[in-house]
Amino acid sequence: MNKIAVIPGDGIGVEVTREAVNVLELLNKKFLLDLQLVQFDYGAEKYLKTGISMPKEQLEDFRHNYAAIFLGALGDARVPDMAHARDILFGMRFGLDQYVNLRPVKLFDERLCPLKGKTANDVDFVVFRENTEGLYVGTGGFFKKGTADEVAIQESVNTYKGVERIIRHAFEYAKARGLTKVTMSDKSNALRFEGDLWQRVFRQLGEEFPDIEKEHWYIDALAMQMIKRPEQFQVIVTNNMFGDIITDIGAQLQGGLGMAASGNINPNGVCMFEPVHGSAPKYAGKNVANPFGAILTAGLMLEHLGFQKQAQLIETAVRKAVKENKTTRDIGGTLGTAEAGSAVCEFLETLWSD
Ligand code: NAD
Ligand code: IPM
Ligand code: MN
């Protein structure tokens with residue numbers, strides 16, 4: 001049995017997860033995938049009511065008893081410091097050692113791309129964001145907080161092991177798929193120490209992959225190149241903070257945050273899948289959020305579980321929905337979240353009756 005933990009979370013996370021779950025249940029029934037979806041109510045509401053974000057035992061339960069985790073989104077104005085999200089989101093990314101944040105940037109239809117003259121062939125690459133280190137580790141602190149002399153220190157932690165394993169993953173991904181180039185991006189012209197480590201590891205590992213072209217851009221220039229010539233990229237690997245930023249740029253190249261999928265991967269452990277977007281509070285509860293990012297994320301999860309064919313079906317169905325304008329308003333349609341989700345389910349059904 002494939003037990004899947006489903007955490008809808010906050011805001012639009014709840015609405016888009018509902019649609020992703022409908023798609024998963026439909027495929028489960030049709031293809032007897034033996035998925036068992038188990039819902040969890042972790043999120044701001046529970047945290048505010050009970051003080052519970054996510055108990056430690058829960059992480060152990062996920063680690064030992066689940067095939068994967070699906071997360072909608074977290075974030076609520078009533079928890080301004082994101083305390084609950086830290087425990088839930090970072091709890092999983094760090095606690096389950098999901099060191100690979102896989103974020104595909106794939107344009108389905110040129111109408112969705114804000115760049116003039118770029119087609120689906122031009123925007124098709126993956127970003128590997130390091131997911132357990134860097135500025136996200138939470139080390140640092142305040143000194144003289146609340147005074148005019150206040151100091152706030154946020155440290156960027158980069159370990160040899162951490163840098164090596166994400167860069168290796170990027171090279172191995174490229175090699176396994178017959179891709180010909182890996183681009184590493186850092187800010188080694190200004191951030192000397194972490195930059196030196198990233199540069200050195202990239203060079204060293206590069207020697208193990210002689211058939212793959214090695215390319216480097218400073219992160220500011222990379223951001224510009226993603227807009228100027230996105231077609232040059234196949235695989236990008238970068239640190240946690242830079243990866244966060246450039247994958248929002250990447251999302252927009254695909255039509256916006258509502259279209260972007262991601263996986264938090266531990267190649268030897270349980271993985272967590274979530275759309276790139278957040279809880280979009282201004283859209284919450286209005287049936288307007290685009291569910292396709294979440295649905296495509298469900299596809300990434302199925303692919304990871306070994307259900308390649310079903311993952312492909314999801315992608316094809318979303319493509320059809322985009323092509324025929326059965327979409328939410330953010331990408332030019334007129335449908336609500338639930339209706340756009342249903343459209344994908346209907347396209348799926350036509351795919352296997354063809
Ligand atoms: P956001 O991704 O929630 O929304 C930014 C904007 O993108 C929205 O206002 C909307 O215009 C658009 N958008 C996002 N998702 C969309 C969708 N599915 N359909 C249509 N449009 C969509 O980012 P934010 O406003 O910066 O953050 C809101 C909250 O979410 C914050 O608390 C933030 O910390 C949190 N957040 C959580 C995650 C996560 O759980 N993985 C990711 C990003 C942000
Ligand atoms: C993302 C989000 C998170 C991140 C936030 C909510 C902490 O922006 O998944 O991209 O920075 O990783
Ligand atoms: Mn982000």
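With which side chain does the side chain of asparagine 158 make a polar contact of 3.0 Å? In this predicted model, the partner is the side chain of glutamate 194, and the separation of the pair is 3.0 Å. Asparagine 158 itself is placed in the loop that runs between strand 7 (151-154) and helix 5 (160-176). A polar contact of 2.9 Å also joins the side chain of asparagine 158 to that of tryptophan 198. When residues up to four places away in sequence are left out of the count, asparagine 158 touches Glu133, Val163, Glu194, Leu197 and Trp198, so that both of its polar partners named above, Glu194 and Trp198, appear in this list under the contact cut-off of 4.5 Å between heavy atoms.

Glu194 and Trp198 are also found in the lining of the largest cavity, together with Ser185, Asp186, Lys187, Ser188, Leu191, Gly195 and Asn239. The volume of this largest cavity is about 40 Å³, and the structure holds two cavities of 30 Å³ or more. Two elements, strand 8 (181-186) and helix 6 (192-206), each supply at least two residues of the lining of the largest cavity, and the largest share, three residues, comes from helix 6. By class, the lining of the largest cavity comprises two nonpolar, four polar and three charged residues.

The second largest cavity has a volume of about 30 Å³, and the residues that line it are Lys106, Leu107, Phe108, Gln254, Met259 and Leu296. Here the lining is made up of four nonpolar residues, one polar residue and one charged residue.

The model also contains ligands, of which ligand 1 is surrounded by 19 residues, the closest being Leu74, Glu274, Gly278, Ala280 and Asn290. Polar atoms of the protein approach ligand 1 through both backbone and side chain: a polar backbone atom of leucine 74 is 2.9 Å from an oxygen atom of ligand 1, while a polar side-chain atom of glutamate 274 lies 2.9 Å from a nitrogen atom of ligand 1. In addition, an N or O atom in the side chain of histidine 277 is 3.5 Å from a nitrogen atom of ligand 1. On its own, ligand 1 has 800 Å² of accessible area, and the protein covers 69% of that area. The shell around ligand 1 is divided by class into ten nonpolar, six polar and three charged residues.

Around ligand 2, the surrounding residues are Met82, Phe90, Arg93, Arg103, Arg129, Tyr136 and Asp244. Three arginines of this shell place polar side-chain atoms beside oxygen atoms of the ligand. For arginine 93, a polar side-chain atom lies 2.7 Å from an oxygen atom of ligand 2, and for arginine 103 the corresponding separation from an oxygen atom of ligand 2 is 2.9 Å. In the case of arginine 129, an N or O atom of the side chain is 2.8 Å from an oxygen atom of ligand 2. The protein covers 74% of the accessible area of 320 Å² that ligand 2 has on its own. The shell around ligand 2 consists of three nonpolar and four charged residues, with no polar residues.

Methods: Residues are numbered from 1 along each chain as its sequence is written. Chains are lettered from A and ligands numbered from 1 in the order in which they are written. This is a predicted model: local features need pLDDT of at least 70, side-chain atom pairs count only at pLDDT 80 or more; totals for chains, interfaces and linings use all residues. Side-chain values use heavy atoms; hydrogens and water are left out. A residue is near a molecule or strand if one of its heavy atoms lies within 4 Å of it. A polar contact is a pair of N or O atoms within 3.5 Å; within protein, one must be able to donate a hydrogen and the other to accept it, and residues adjacent in sequence count only if both atoms are side-chain atoms. Accessible areas come from the Shrake-Rupley method with a 1.4 Å probe; for residues, only the protein chains shown count as cover. Ala, Val, Leu, Ile, Met, Phe, Trp, Tyr, Cys and Pro count as nonpolar, Asp, Glu, Lys and Arg as charged, and the others, Gly among them, as polar. On a 1 Å grid over the protein atoms alone, a cavity is a set of points where a 1.4 Å probe fits but cannot get out, and a pocket is an open set with protein on both sides within 12 Å along at least five of seven lines; lining residues have an atom within 4 Å of a point. Grid points are joined across faces, edges and corners, and a volume is the space filled by probe spheres set on the points. Helices (H or I, at least four residues) and strands (E, at least two) are DSSP runs, numbered from the N terminus.
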